[in-house]
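Student: Could we go through this structure together, taking burial and charge pairing in turn?

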Amino acid sequence: MRLRFGKRYEGLAHGFGCACHTPAVLELNRRISAGLDRRSVLKGIAASFAAVSLGQNGAFAQTAGNQTAGKPLLFSNVRIFDGRLGSLVEGSGVLVAGDKIEALVPASQTVTDADVIDCGGRVLMPGLIDSHWHAMLAAIPELVAMTADIPYVHLVAAQQAEATLLRGFTTVRDVGGPTFPLKRAIDEGRFPGPRIFPAGAMISQTSGHGDFRFRYEVPRGSGNDITHAEVAGISAIADGVPEVLRRVREQLMLGASQVKIMVGGGVSSAYDPLDSMQFLPEEIRAAVDAASDWGTYVCAHVYTSEGINRAIDNGVKCIEHGQLADEDTVRKMADTGTWWSIQPFLADEDSNPKADPVQRQQQEEIAVGTVRSFELGQKYNVRMAWGTDILFNPRGTSGQGRQLAKLSRWFENAEILRMATSNSGDLLALSGARSPYRGKLGVIEQGAFADMLVVEGNPLEDIDLVADPDTNFRIIVKDGRIHKDTLRG
């Protein structure tokens, strides 16, 4: 496997002293291409990171060749979807200084000493946010994720991070997986990728949705006999209040911006029924209290009304999935201000692949519930954010934008775009002081992060534009840096 980041990054400025030309990095690329054994790969990774650590300005930390380092950027001749309004704002350009939007500038005003990008009347909008993403697990089959050498999983995730960004997703809320090293590398400019709000390991009870052991691994031999998934940081098994407190606090120590717990069964785990109740009330409350002490919140994987009610009653702030909720439960979500992070699970070509007939039947059951859930969420005005939950599905990652466009079955285009921009930005703000990024996301306004897309066409009129980012996203900006520009060549 050759680690590549695409032709768009070949023009990045770098010169003498750039870490990508060091013998250690070149040797790493040769070794990975040759498919050497685990020990050789580990040595190569260690050598490459040692080389890169000599300086912060690696190849991917530089600005693109069509952007002057240090100069403000003015996006002129644009029509702006600001992330909130249902119509386009005209007559203003967007001035970017550093990683933030400095101002919305009247078209009649001259800005000196700025690189001006004439967008030709195209739509400029916030970068998209996927509120239920698995950066480490989306593009790798389940068996590989649970058995492969851990460095391999991280290398695949780094490769996928660029693809995610180039689909127009400038931010993801990661709800399960060891993304802390990947996030750090992206934030330091070593690899292109979206900004990540990490949850770290999914906290699960024994036999819960995050218990990925095979049958022959039961029972545990001792308290130190942890599974491969736990060693990798994919999940953490906890039983009883003391263990829940320990595992939650470990993720907070590593840098979790929110905590993910499993309160019910799921499709991707083989041995916990979909309708099972997981974690006792006192265990859920322990997780919530530990997260609250650090100024952040708990989100919960759960599908059923019983599980959702138990989660809400014990302080969970966001429900992940919830497609089997009844009307009374949805009303309760609205009354309590609970967030609903929901996905268009429709048992179609975009579904995560499942060979087991029981799992496929569960997907069908959830698909029926998905239709009802979107309808009920609208009826009771629940605070809804959108995500994909693409999981163990390498082919499915390319359909990330297509899954957003599917919401046109229930919502107007403006509301769809809000769910993937400002609504999701409001959800991310629940992390409070644990947010890894200081600034507004999902909006085009002064002081917000300069995460922006220039779109060929008007997505307020044709939401299907987001399904084909290669063609329709002409410019992609994250942190004020241009990562794609097909408008100017």
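Tutor: Before we begin, buried means under 20% relative accessible area, and partly exposed lies between that and over 50%. Please keep in mind that this is a predicted model.

Student: Which residues of helix H9 are buried, and which elements do they pack against?

Tutor: Helix H9 spans residues 305-313, and its buried positions are Ser305, Gly307, Ile308, Asn309, Ala311 and Ile312. An α-helix has 3.6 residues a turn, so residues three or four places apart point the same way. The buried residues of H9 pack against strand S11 (298-304), strand S12 (318-324) and helix H10 (327-336).

Student: Which residue with a positive phi follows H9?

Tutor: The phi of this residue is near 100°, and the residue that follows the helix with this positive value is Gly315.

Student: Where is Lys406 found, is Lys406 buried or exposed, and which residue meets its side chain in a salt bridge?

Tutor: Lys406 is found in the loop between helix H12 (400-405) and helix H13 (413-419). Its relative accessible area is 15%, and because the cut-off for buried is under 20%, Lys406 counts as buried. Leaving aside residues up to four places away in sequence, Lys406 touches Leu346, Asp348, Glu349 and Asp350. The partner in the salt bridge, at 2.5 Å from N to O, is Asp348.

Student: How many residues apart are the two members of that pair?

Tutor: Asp348 sits in the loop between strand S13 (339-342) and helix H11 (357-379), whereas Lys406 is in the loop between H12 and H13. The pair therefore links distant parts of the chain, with a separation in sequence of 58 residues.

Student: What parts does the salt bridge of Asp479 and Arg195 tie together, and how many residues apart are they?

Tutor: The side chains of Asp479 and Arg195 meet at 2.7 Å, N to O. Arg195 is buried, at 0% relative accessible area, while Asp479 is partly exposed, at 24%. Asp479 lies in the loop between strand S16 (473-478) and strand S17 (481-485) and Arg195 in strand S7 (residues 195-198), so the bridge ties together parts whose separation in sequence is 284 residues.

Student: Which residue forms a salt bridge with Lys440?

Tutor: Lys440 is partly exposed, with a relative accessible area of 48%, and its partner also counts as partly exposed, at 24%. The closest N and O atoms of the pair are 2.7 Å apart, and the partner is Glu445.

Student: How many salt bridges does a search of the whole structure find?

Tutor: Side chains of opposite charge can pair when their charged atoms come close. Glu243, Arg246, Arg247 and Glu250 are linked in a network of such bridges, and the search of the whole structure finds a total of 26.

Conventions
Residues numbered from 1 in each chain as written. Predicted model: local features only at pLDDT ≥ 70, side-chain atom pairs only at ≥ 80, totals over all residues. Heavy atoms only, no water. Helix = DSSP H or I, 4+ residues; strand = E, 2+ residues; numbered from the N terminus. Contact = heavy atoms within 4.5 Å. Buried < 20%, exposed > 50% of the residue type's maximum accessible area, 1.4 Å probe, protein only. Salt bridge = Lys/Arg side-chain N within 4 Å of Asp/Glu carboxyl O.
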